[in-house]
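Student: I should like a close look at a single part of this model, with its surroundings described residue by residue. Please begin with one helix and then follow the connections outward.

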Amino acid sequence: MGETIWINATLYTEHRVIENGRLIAADNGTIRALGDELLPVPANARVVDCRGALLVPGFIDVHVHGGNGYAMMDGTFEALDGMSRFHAAHGTTAFLATTSTGAKGDIVRALANAAEHTGLTSGAELAGIHMEGPYLDEKRRGAQSKEHLRLPTPDEIDELVEAAGGHMRLVTLAPEIEGGLEAVKRFVAKGVTVSAGHSDATFDEVSAAVRFGLNHTTHHFNGMSPFHHREPGLAGAGLLLPELTTELICDGIHVHPSAVKLLFEAKSPDKVCLITDAVRPAGLPDGEYGEVVVRSGEITLKDGSSLAGSSLTMLQALRNAVRYTGYALEKLLPSLTSVPARQARLDRVKGSLHAGKHADFLLLTPELALIATHVRGKEVYRSEIAL
């Protein structure tokens, strides 16, 4: 394929913004070099003139169930690839395919299918698995299946991790349920990041789980014990404990814009992980889809008893975060790039523009419209916006 150099870009690195920046991708899909206009154009390289467009690290979604009619729990490559193409068209370059609570056999099949096809999708890269449930608290289950909630056992944990073939990178559980702390310890020992979610834990119970290795919260403020001045709960623990990185669905539906700003102010962008929690109907018109209803972008169970995931995209999450917080783009970018990479243990190869890492990046207009999405140096999506 040969090398490609992108020139005349506004380049967002970990530490600075480079005007008239340049980035060189090697033929193996990694970044060979980046810098300003003094960086030489390699002989025989393909040259792409960005004409001042913003070149930012690709967004990593560690919590996404589906989109555009596809769902991870379908257990097929077609579903995973469909998800990947939809989300690539909205700024995602890598994602963790996320399960939902179901029968053990269904979860095992979905895990094994995702493991088999990790790294093979044609849009955003399937970079691993997030197992959400089934070890959740019934009181905070939200739209998760009540019928299939259960307590963790060492043998079942081992079976599920084995089904994921070494690709399980994140698990959501309720640490306060019977066997919860031992589950935290067991997952951590297997190299999986453990997140508290769909949990009614007290502040002290969360603190105990942190001592066992828990370091993440799932869709913060949603599906968890709320903050109260006499019992801060999981919501308060996420705000106060420095060990915890907090996921956030920044759609203006799941969390009020003022609470979004509160979380960023309390934690800093380095401890906030923007996600979509997108489900099958994300990107589809309003209407009924199985057990859920989509109205003006809001997805709920048919009976209206709970939100049931979101129709959010990563790029829209960024736009919303800019609007709700007033922060500059460079201040917010870690929440979509280096933070999810760190929490998914992908930061050695993804999450920032750095020589040796994967050439995963977006080209954006100054108004944050998407021009193109690149995964490992390959353009996987191009909009109608001309450079």
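Tutor: The model is predicted, and the account starts with helix 3. The residues buried in this helix are Glu-156, Ile-157, Leu-160, Val-161 and Ala-163. Viewed down the axis of helix 3, these buried residues fall within an arc of 160°, so they line one face of the helix. Asp-155 and Glu-162 are exposed, and they sit on the face of helix 3 turned away from its buried side. As a general point, an α-helix has 3.6 residues a turn, so residues three or four places apart point the same way.

The partners of the buried side come next. The buried residues of helix 3 pack against helix 2 (104-117), strand 10, strand 11 (168-173) and helix 4 (180-189). After helix 3 comes Gly-165, with a positive phi near 55°. On the other side of helix 3, the loop that runs between strand 10 (125-132) and helix 3 (154-163) contains Pro-134. The peptide bond leading from Gly-133 into Pro-134 is cis, and its omega is near 10°.

One residue of helix 3 leads to a wider set of contacts. Leu-160 is among the residues touched by Met-131; the others are Thr-99, Ile-107, Leu-111, Met-168, Leu-170, Val-171, Thr-172 and Phe-187, when residues up to four places away in sequence are not counted. The largest nonpolar core has 47 residues, and within it Leu-111, Met-131, Met-168 and Phe-187 touch the most other members. Apart from that core lies another, of 42 residues, which includes Leu-54, Phe-264, Leu-315 and Tyr-324. In soluble globular proteins, nonpolar side chains tend to be buried together.

The second core leads to another pair of helices. The axes of helix 7 (residues 257-267) and helix 8 (residues 314-325) come within 9 Å and cross at roughly 85°. An angle from 65 to 115 degrees counts as roughly perpendicular, and helix 7 and helix 8 are therefore roughly perpendicular to each other. Helix 7 contributes Pro-257, Val-260, Lys-261 and Phe-264 to the contact, while helix 8 contributes Ala-321, Tyr-324 and Thr-325. By character, the residues of this contact between helix 7 and helix 8 comprise 5 nonpolar, 1 polar and 1 charged.

Helix 7 can be described in the manner used for helix 3. Its buried residues are Val-260, Leu-263, Phe-264 and Lys-267. Down the axis of helix 7, these buried residues fall within an arc of 95°, so they line one face of the helix. They pack against helix 6 (233-240), strand 14 (245-249), strand 15 (272-275), helix 8 and helix 9 (329-332). Just after helix 7, Ser-268 adopts a positive phi of about 80°.

Positive phi values also occur in loops. Arg-51, which is not a glycine, has a positive phi of about 50°. Arg-51 belongs to the loop between strand 4 (46-49) and strand 5 (54-57), and its relative accessible area of 61% makes it exposed. His-198 is likewise not a glycine, and its phi is positive at about 45°. The loop that holds His-198 runs between strand 12 (193-196) and helix 5 (203-211). At 6% relative accessibility, His-198 counts as buried.

Strand 4 leads in turn to strand 1. Val-48 is placed in strand 4 and counts as buried, at 11% relative accessibility. The C-alpha atoms of Val-48 and Trp-6 are 4.7 Å apart in space, although the two residues are 42 residues apart in sequence. Beyond its neighbours within four places in sequence, Val-48 is in contact with Thr-4, Ile-5, Trp-6, Ile-7 and Leu-387. Thr-4 has its place in strand 1 (residues 4-12), and with 7% relative accessibility Thr-4 counts as buried. Besides Val-48, Thr-4 touches Leu-23, Ile-24, Ala-25 and Arg-46, not counting residues up to four places away in sequence.

Ile-24 and Ala-25 bring the account to its last residue. Thr-30 is in contact with Ile-24, Ala-25, Gly-356, Lys-357, His-358 and Ala-359, leaving aside neighbours within four places in sequence. Thr-30 lies in the loop between strand 2 (17-25) and strand 3 (31-35). It is buried, with a relative accessible area of 18%. Thr-30 and Leu-353 are 323 residues apart along the chain, and their C-alpha atoms are separated by 9.9 Å.

Technical notes: Residues are numbered from 1 along each chain as its sequence is written. This is a predicted model: local features need pLDDT of at least 70, side-chain atom pairs count only at pLDDT 80 or more; totals for chains, interfaces and linings use all residues. Side-chain values use heavy atoms; hydrogens and water are left out. Axes are lines fitted to C-alpha atoms, for helices over the stretch in contact, and angles run from 0 to 180 degrees between N-to-C directions. Helices (H or I, at least four residues) and strands (E, at least two) are DSSP runs, numbered from the N terminus. Angles under 35 degrees count as roughly parallel, over 145 as roughly antiparallel, 65 to 115 as roughly perpendicular and the rest as oblique. Contact means heavy atoms within 4.5 Å. Ala, Val, Leu, Ile, Met, Phe, Trp, Tyr, Cys and Pro count as nonpolar, Asp, Glu, Lys and Arg as charged, and the others, Gly among them, as polar. A nonpolar core is a set of buried Ala, Val, Leu, Ile, Met, Phe, Trp, Tyr and Cys residues joined through side-chain atoms within 4.5 Å. Buried means under 20% relative accessible area, exposed over 50%, partly exposed in between (1.4 Å probe, protein chains only). The arc is that of the directions from the helix axis to the C-beta atoms.
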